[in-house]
Amino acid sequence: METVIILVFVFGYLAITLEHNIKIDKLIPALVMMAISWALISLGIDDFSQWFDSAKHNLMDNFGMLPYEEKMHLMEETLLHHLGKTAEILVFLLGAMTIVEIIDYFDGFSTIKNAVNFNSRKKLLWMFSILAFILSAIIDNLTATIVLISILQKIVKERDVRIWYAGLIIIAANAGGAWSPIGDVTTTMLWIGDKVSTGKLFVYLFIPSLLCMVVPTFIASLLKPFKGDLELQADDNKPKNKFSSTMLFLGLGAIVFVPIFKVITHLPPYVGMMLSLGVVAIFAEIYSNSKFAISATNAEEHDAHASHSPVHYSLSKIELPSILFFLGILMAVGALESLGILFGFAGSLQESMPMMGTELHGEGVSDLVVLLLGVGSAVIDNVPLVAASLGMFSEPLDNELWHFIAYSAGTGGSMLIIGSAAGVVAMGMEKIDFFWYLKKISWLAFIGFIAGAAAFMLTRAVF
């Protein structure tokens, strides 16, 4: 039965990657894959000998000995656990996307757009890469990608050029998220699990992460798409909204507040995001009732703004297909995790891979295993892979193994567009083709990944 579930995942994954060839939206195979995987688990529950209890982070080897009713109860609890963890991400994402749309409702991104007083493609590339690297460490790589691509859409007119920028934003955002405890979900998992500390995370990973961003950006700046000048979005002479700058800084400030709220209250990030959304929504409602707030250029747009509150209007603009796709992918991977398949895969890698020149301390884990973990995070979601590593290894706080895992899992996902949350969101916002990204961007991400990994090994030798 495990083989059948793996085949379902493989065929579902292929359908997602071939979305444009088979003319079926990626959310459909993702949802079907998720539903069939869990249905097969339920129907064949007696055939499984082990089970991963996600709530307790414990791999149960005696699962096959349990009574049928107890197995079903445990499966339902695990399914509910995965749904809860997935819902945390989705609610967080919904809140961030709504805040971004509210900012856009007040034309807030025009403030940044107007600050771009140059049309050099190379300068714009470096500006967005550096912004993505810094913002992702502060507000997390997912939110940083949403914000920057929203700004990008207001600045760059040609979509064929814009998706190149989006690809480099994905690489830079994932690199920036790796050295911050709140920059990426996997790094946050290691931080909360007392595997890494903020100070040592910065010492070990800042330079590798910086190189992971700088090297691909430098190489890309030499390529044809980033040579010459850019045709910027034409100015439509739309009257400037009185509150555009206020809503931009309020919205971004509210997102930055989320990790601060988490540190103070120890509550999950989505709670802080909902608070931030509520505060932004209050000001949006007040400002929208002002006679100075209307900036619509035609009657149709004016009516659209007038007949909706800013929050309702912003919610209607959110990419729900991307949300459902995310739901399907994460729940399907949760099915593989629950059966212990990912743990078996990681364990076999550890046993079969030879040691490289320098091995990690503790159990002598091969560097190649951790590097392959990064490559694997581009194919399979990095969250369960890091969860698997938490169960496999028992090294103490700030052992270099955990920092290398944080780097590999955080940046390795850039090698495929569906390998990271930032990539999935960018794919939905810009309708980026999987194979276009594989051909044009993946090799840049791989070079950056290897450059950063080499820098980590050097940093490890020094410290």
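Q: Which residue follows α11, and what is the sign of its phi?
A: In this predicted model, the loop between α11 and α12 (269-288) holds H266, a residue other than glycine. Its relative accessibility is 68%, and H266 therefore counts as exposed, since the cut-off is over 50%. The residue that follows α11 is this H266, and its phi, near 65 degrees, is positive.

Q: How far apart are the end C-alpha atoms of helix α11 (residues 244-265), and what span should its 22 residues have?
A: At 1.5 Å a residue, the 22 residues of α11 should span 32 Å. The end C-alpha atoms agree with this expectation, because the distance between them is 31 Å.

Q: At which residue of α11 does a kink lie?
A: The buried residues of α11 include A254, I255, V258, P259 and F261. Two of these residues mark the place of the bend, as the kink of about 30 degrees comes shortly before the proline P259. The residue at which the kink lies is V258.

Q: Where is D107, and is it buried or exposed?
A: D107 has a positive phi near 60 degrees although it is a residue other than glycine. It is placed in the loop between α4 and α5 (110-115). Its relative accessibility is 15%, and because the limit is under 20%, D107 counts as buried.

Q: Which residues touch the most other members of the largest nonpolar core?
A: Nonpolar side chains tend to be buried together in soluble globular proteins. In this model the largest nonpolar core has 139 residues, and helix α4 (residues 68-105) gives the most to it, with 14 residues. The members that touch the most others are I41, W51 and I405.

Q: Which residues is W51 in contact with, leaving aside its neighbours within four places in sequence?
A: W51 belongs to the largest nonpolar core and is one of the three residues named as touching the most other members. Its contacts include I41, which is named alongside it there. With neighbours within four places in sequence set aside, the full list is W38, I41, I45, N58, L59, M60, F63, L74, M75, T78, S338 and L339.

Q: What covers the buried residues of α22?
A: Helix α22 (residues 442-462) has 21 residues that should span 30 Å at 1.5 Å a residue, and its end C-alpha atoms, 30 Å apart, agree with that. Among its buried residues are L444, A445, G448, F449, G452 and F456. The elements that cover the buried residues of α22 include α8 (159-178), α10 (198-221), α17 (367-379), α19 (400-412) and α21 (434-440).

Q: What separates the C-alpha atoms of I219 and L444?
A: I219 has its place in helix α10, and at 22% relative accessibility it counts as partly exposed. Not counting residues up to four places away in sequence, I219 touches W443, L444 and I447. Although I219 and L444 are 225 residues apart along the chain, the separation of their C-alpha atoms is 7.6 Å.

Q: What share of the contacts with a separation of 6 or more comes from residues 24 or more positions apart?
A: The protein has 22 helices and two strands, and 55% of its 463 residues count as buried. Carbon and sulfur atoms supply 65% of the area of about 19400 Å² that the protein exposes. Of the contacts with a separation of 6 or more, the share from residues 24 or more positions apart is 77%.

Methods:
Residues numbered from 1 in each chain as written. Predicted model: local features only at pLDDT ≥ 70, side-chain atom pairs only at ≥ 80, totals over all residues. Heavy atoms only, no water. Core = buried A, V, L, I, M, F, W, Y, C linked by side-chain atoms within 4.5 Å. Buried < 20%, exposed > 50% of the residue type's maximum accessible area, 1.4 Å probe, protein only. Helix = DSSP H or I, 4+ residues; strand = E, 2+ residues; numbered from the N terminus. Contact = heavy atoms within 4.5 Å. Expected span 1.5 Å × (residues − 1). Bend = angle between axes of the 7 residues up to and from the residue. Areas by Shrake-Rupley, 256 points an atom, 1.4 Å probe, with all protein chains shown as cover.
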